[in-house]
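The following exercises are to be worked through with the sequence and the coordinates at hand. Each task is followed by a solution in steps.

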Amino acid sequence: MSDLAPDVASTERPWPQIMSRYRQPNRWRSAIELAISLAPFLLCWGLAWASVAYGFWWGLMFTIPAAGFLVRLFMIQHDCGHGAFFAHRQADDWAGRIIGVLTMTPYDYWRRTHAQHHATTGNLDRRGIGDVETLTVSEYRALSMRGRLRYRLYRHPIVLFGVGPLWLFLLQHRWPVGMMRSGVEPWLSTMATNVGIAVLAVGMVWVFGWQALVLVHLPIVIMAAAVGVWLFYVQHQFEETHWAPASDWKFKEAALHGSSYYDLPGILGWLTANIGIHHVHHLASRIPYYRLPEVLRDYPELKAIGRISIADSLAGVKLVLWDERRRKLVSFREALA
């Protein structure tokens, strides 16, 4: 166990060399992780459909755990995008593309935007791709009344966590937004995923009936999307997060202090594939998610950096503006005080 304080440890440790020890996945373990995520998802989906088909409507409760397993499948897709799941590019890519039909996320398009997110997290001069729109206090004060109203609406919880997931997964992911001039790959990825989703939907209706699509699959996707957006939000939107102008931006500080350690209870940590250990993930994105707890075990000082609980994350929803003077996120009321 280290006797270094968290802030000292975060700057003095040779993290690239340390993290390289954890990057190699166990491919058998990865295959098992995929199986124990996909099989329960299909089982819960089937039980929910059976409840509709045979009239015991209480069985629709199985859509809730199905959504949880779909979130876990998305996290596997996420690791595939980083080349961290099988550590074999073709295996990772094709696993990610197939899962992308279920998660309604075009894999190759998303992988490119997510890579930009990793390269620019916490950089005030490179906001806009793969992040939640965040203004500084001075930028907000400079807005017109109409601009302030638009930003307030955007940051309202009903919009962010209600309308936002529907917009992102059902609509925005159907078109390569932000990648119009980035070559043919984002277009092929998006359109191929759209075709896959259409084939899945038609097949579902043909085999199981329209109720399977409308009453079972769509609610599962919507719930999983809402959880996914929430997780992404709390991973970077917390009071003591880190932002800096490009001239002062440093990758290590942005990774460790601009990403949270969302300390979730056991089953939630498992269902979300340890994505809450997000500061370590940003520090070394090639570490498979099932090895992230090993890093915290071996370097417990990391548990004190950016740690937030569920209660902290709920309280943090009101934090909407970056205060460059105080170097933390603040609420509208604090910004205008």
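**Exercise 1. A salt bridge and its surroundings**

Is Glu139 buried, exposed or partly exposed?

*Solution.* The model is a predicted one.

Step 1. The relative accessible area of Glu139 is 30%. Buried requires a value under 20% and exposed a value over 50%, so Glu139 is partly exposed.

Step 2. Glu139 makes a salt bridge with Arg127, and the closest N and O atoms lie 2.8 Å apart. This pair connects distant parts of the chain: Glu139 belongs to helix α7 (residues 137-141), whereas Arg127 sits in the loop between α6 and β1, 12 residues apart.

Step 3. Arg127 is likewise assigned by its relative accessible area, which is 29%, and is partly exposed.

**Exercise 2. A second pair from the loop between α6 and β1**

Identify the residue with which Glu133 forms a salt bridge, and classify both members by accessibility.

*Solution.*

Step 1. The partner of Glu133 is Arg150, with 2.8 Å between the closest N and O atoms. Here too, distant parts of the chain are linked, since Glu133 lies in the loop between α6 and β1 and Arg150 in helix α8 (residues 145-154), 17 residues apart.

Step 2. Glu133 has a relative accessibility of 28% and therefore counts as partly exposed. Arg150, with a relative accessible area of 43%, is also partly exposed.

Step 3. For the structure as a whole, the number of salt bridges is 15. Some are joined into a network, whose members are Arg89, Asp93, Arg97, Asp108, Arg111, Arg112 and Glu185.

**Exercise 3. A pair of sequence neighbours**

Locate Asp298 and describe its salt bridge.

*Solution.*

Step 1. Asp298 is part of helix α15 (residues 292-298). Its salt-bridge partner is Arg297, the closest N and O atoms being 2.9 Å apart.

Step 2. The two residues fall into separate accessibility classes: Asp298, at 32%, counts as partly exposed, while Arg297, at 57%, counts as exposed.

Step 3. To place Asp298 in the overall model, take Ala50 as a reference: the C-alpha atoms of the two residues are 46 Å apart, and 248 residues separate them in sequence.

**Exercise 4. The packing of α10 and α11**

At what angle do helix α10 and helix α11 pack, and which residues meet?

*Solution.*

Step 1. Helix α10 covers residues 185-208 and helix α11 residues 210-234; they pack at about 115 degrees, with axes 6 Å apart.

Step 2. From α10, Leu200, Ala201, Met204, Val205 and Phe208 take part, and from α11, Trp210, Ala212, Leu213 and His217. Sorted by class, this contact contains eight nonpolar residues, one polar residue and no charged ones.

Step 3. Between the helices, just after α10, Gly209 adopts a positive phi of about 100 degrees.

Step 4. The 24 residues of α10 span 34 Å from first to last C-alpha, close to the 34 Å expected at 1.5 Å a residue.

Step 5. The buried residues of α10 include Pro186, Ser189, Thr193, Gly196, Ile197 and Met204. Among the elements that cover the buried residues of α10 are α3 (27-53), α5 (89-103), α6 (107-120) and α11.

**Exercise 5. The strand order**

Determine the order of the three strands in the open sheet, and state which strands stand at the edges.

*Solution.*

Step 1. The order is β1-β4-β5, and the pairing is mixed.

Step 2. β1 (135-136) and β5 (328-330) are the edge strands; each has a single partner strand, so one side of each lacks a neighbour in the sheet.

Step 3. β1 and strand β4 (residues 321-323) run parallel and are joined by two bridges. Thr136 has Trp322 in β4 as its bridge partner.

**Exercise 6. Two threonines**

Are Thr63 and Thr272 buried or exposed, and which residues do they contact?

*Solution.*

Step 1. Thr63 lies in helix α4 (residues 63-81). At 7% relative accessibility, Thr63 counts as buried.

Step 2. Leaving out residues up to four places away in sequence, Thr63 touches Ala48, Leu215, Val216, Ile220 and Met223.

Step 3. Thr272 is placed in the loop between α13 (266-271) and α14 (278-283). Its relative accessibility is 8%, so Thr272 counts as buried.

Step 4. With neighbours within four places in sequence set aside, Thr272 contacts Val71, Met75, Leu231 and Leu264.

Definitions and conventions. Residues numbered from 1 in each chain as written. Predicted model: local features only at pLDDT ≥ 70, side-chain atom pairs only at ≥ 80, totals over all residues. Heavy atoms only, no water. Axes fitted to C-alpha atoms, helices over the stretch in contact; angles between N-to-C directions. Helix = DSSP H or I, 4+ residues; strand = E, 2+ residues; numbered from the N terminus. Contact = heavy atoms within 4.5 Å. Nonpolar A, V, L, I, M, F, W, Y, C, P; charged D, E, K, R; others polar. Expected span 1.5 Å × (residues − 1). Buried < 20%, exposed > 50% of the residue type's maximum accessible area, 1.4 Å probe, protein only. Pairing = 2+ DSSP bridges. Salt bridge = Lys/Arg side-chain N within 4 Å of Asp/Glu carboxyl O.
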